[in-house]
Amino acid sequence: MNYEDMSALLEIVNYCNERTQSKDIKDFPGSFNGLQIENNGTVNKIGAAVDAGHIPFELATDRGIDFLLVHHGIFWDPPTPLTGSNYRKVKHCMDHNLAVFGSHLPLDCHPELGNNAIIADKLGLSKVDTFLPYESQDIGLITDCSYTRDHLKSLLEKLFSYGIKSMEFGSQNPERIAILSGSGQSAVEHLTSLGVDTLITGELKQHHFNYAQENKLNLFTCGHYATETFGVTALGAEVAKKFDLPFEFISTDCPL
């Protein structure tokens with residue numbers, strides 16, 4: 001396909017934009033959801049990775065991927081000059097015809113493809129509400145729970161193979177579970193007012209241990225990276241099926 005014919009790439013980009021509802025979901029200042037690096041229009045294989053890093057880019061092109069979905073894109077606030085490692089990873093994409101599509105908050109809170117929704121589904125938890133509004137869009141999920149805290153912990157340990165950290169000071173039989181993939185720092189202080197004493201998230205700060213003790217909360221941290229592998233994988237697999245293309249998730253084994 002020559003450079004003038006961008007139809008294959010643009011058709012996939014348009015599908016991703018529509019599927020993630022990227023125009024309707026505001027994201028953090030400086031972030032950009034959508035096509036971040038284009039290629040010559042050719043798409044032969046779909047890939048997904050959590051981070052837009054040089055190593056994921058190299059792994060993707062080594063495996064024949066020319067359209068890569070990422071959760072953490074290359075654009076944030078403030079703008080980053082294209083020097084050093086930033087220059088090298090963008091140059092790698094240019095040299096290897098790798099298109100990069102980023103989707104951050106849209107792939108956290110999406111009701112089907114979102115990290116929160118998929119985590120809930122894998123744990124057998126039923127959605128009952130959302131919480132934590134950002135620019136009029138709730139980014140967290142609240143679910144019903146019909147089993148004990150110990151059973152919930154065992155399910156989390158199976159789902160997140162790198163291990164979890166638990167602060168268990170709340171109910172042994174939590175009835176409502178809050179889920180917020182990635183960083184859960186903004187969610188903790190809202191739990192009590194929501195009638196929730198249990199949170200599943202990616203990462204927290206040290207002071208949340210004392211906060212959990214003092215406010216009788218169960219806090220489970222399962223890894224920022226680990227809790228955000230689900231959305232890009234689900235979207236990538238769906239896109240590949242839609243356009244009859246192979247798909248592969250690029251794991252970087254991040255322990256954080």
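The following legends describe several views of a predicted model.

Residues are numbered from 1 along each chain as its sequence is written, and side-chain values use heavy atoms, with hydrogens and water left out. In this predicted model, local features need pLDDT of at least 70 and side-chain atom pairs count only at pLDDT 80 or more, whereas totals for chains, interfaces and linings use all residues.

**View 1. The whole protein, with its eight helices and 11 strands**. Helices (H or I, at least four residues) and strands (E, at least two) are DSSP runs, numbered from the N terminus. The radius of gyration, taken over C-alpha atoms, is 19 Å, close to the 18 Å that the globule rule gives for 256 residues, so the protein is as compact as a globular protein of that length. The globule rule is 2.2 Å times the number of residues to the power 0.38. Along its principal axes, the C-alpha trace spans about 60 × 35 × 35 Å. The accessible surface (Shrake-Rupley method, 1.4 Å probe) comes to about 12,200 Å², and carbon and sulfur atoms account for 50% of it. Of the 256 residues, 50% count as buried; buried means under 20% relative accessible area, exposed means over 50%, and partly exposed lies in between (1.4 Å probe, protein chains only). Contact means heavy atoms within 4.5 Å. Among contacts between residues at least 6 apart in sequence, 67% join residues at least 24 apart.

**View 2. An open sheet of six strands**. The strands follow the order 5-6-8-9-10-7, and their pairing is mixed; two strands pair if DSSP finds at least two bridges between them. Strand 5 (126–134) and strand 7 (165–168) are the edge strands, each pairing on one side only. Neighbouring strands are turned by 20 degrees against each other on average, direction ignored. These angles refer to axes that are lines fitted to C-alpha atoms, for helices over the stretch in contact, and angles run from 0 to 180 degrees between N-to-C directions. Strands of a sheet pair through backbone hydrogen bonds, either parallel or antiparallel. Strand 7 and strand 10 (residues 218–221) run antiparallel and are joined by four bridges. E168 has N218 in strand 10 as its bridge partner.

**View 3. E175 in the loop between strand 7 and strand 8 (176–183)**. E175 counts as exposed, at 62% relative accessibility. Leaving aside neighbours within four places in sequence, E175 is in contact with T143, D144 and C145. The C-alpha atoms of E175 and R149 are separated by 9.6 Å, the two residues being 26 apart along the chain.

**View 4. Helix 5 (residues 115–123) and its residue N115**. Seven of the nine residues of helix 5 are buried, so this helix is largely enclosed by the rest of the structure. The buried residues are N115, N116, A117, I118, I119, A120 and L123. N115 has a relative accessible area of 0%. Beyond neighbours within four places in sequence, N115 is in contact with H71, L107, D108, S181, T227, E228, T229, F230 and G231. Helix 5 is followed by G124, whose phi is positive, near 70 degrees.

**View 5. Two of the five aromatic pairs**. Rings of Phe, Tyr and Trp (its six-membered ring) pair if their centres lie within 6.5 Å; planes under 30 degrees apart count as stacked, over 60 as edge-to-face and the rest as tilted. The rings of F28 and Y134 have centres 5.0 Å apart and planes at 80 degrees, so this pair is edge-to-face. F28, in the loop between helix 1 (7–20) and strand 1 (34–37), and Y134, in strand 5, are 106 residues apart, and the pair thus links distant parts of the chain. F28 is partly exposed, with a relative accessible area of 33%. The rings of F160 and F230 are also edge-to-face, with centres 6.0 Å apart and planes at 80 degrees. This pair joins F160, in the loop between helix 6 (149–159) and strand 7, to F230 in helix 8 (residues 230–242), 70 residues apart. F160 is buried at 3% relative accessible area, and F230 counts as buried at 11%.

**View 6. Positive phi at L132 and S136**. Most residues other than glycine have a negative phi. L132, found in strand 5, has a positive phi near 65 degrees and counts as buried at 10% relative accessibility. S136 lies in the loop between strand 5 and strand 6 (137–144). Phi of S136 is positive, about 75 degrees, although S136 is not a glycine. S136 is exposed, with a relative accessible area of 76%.
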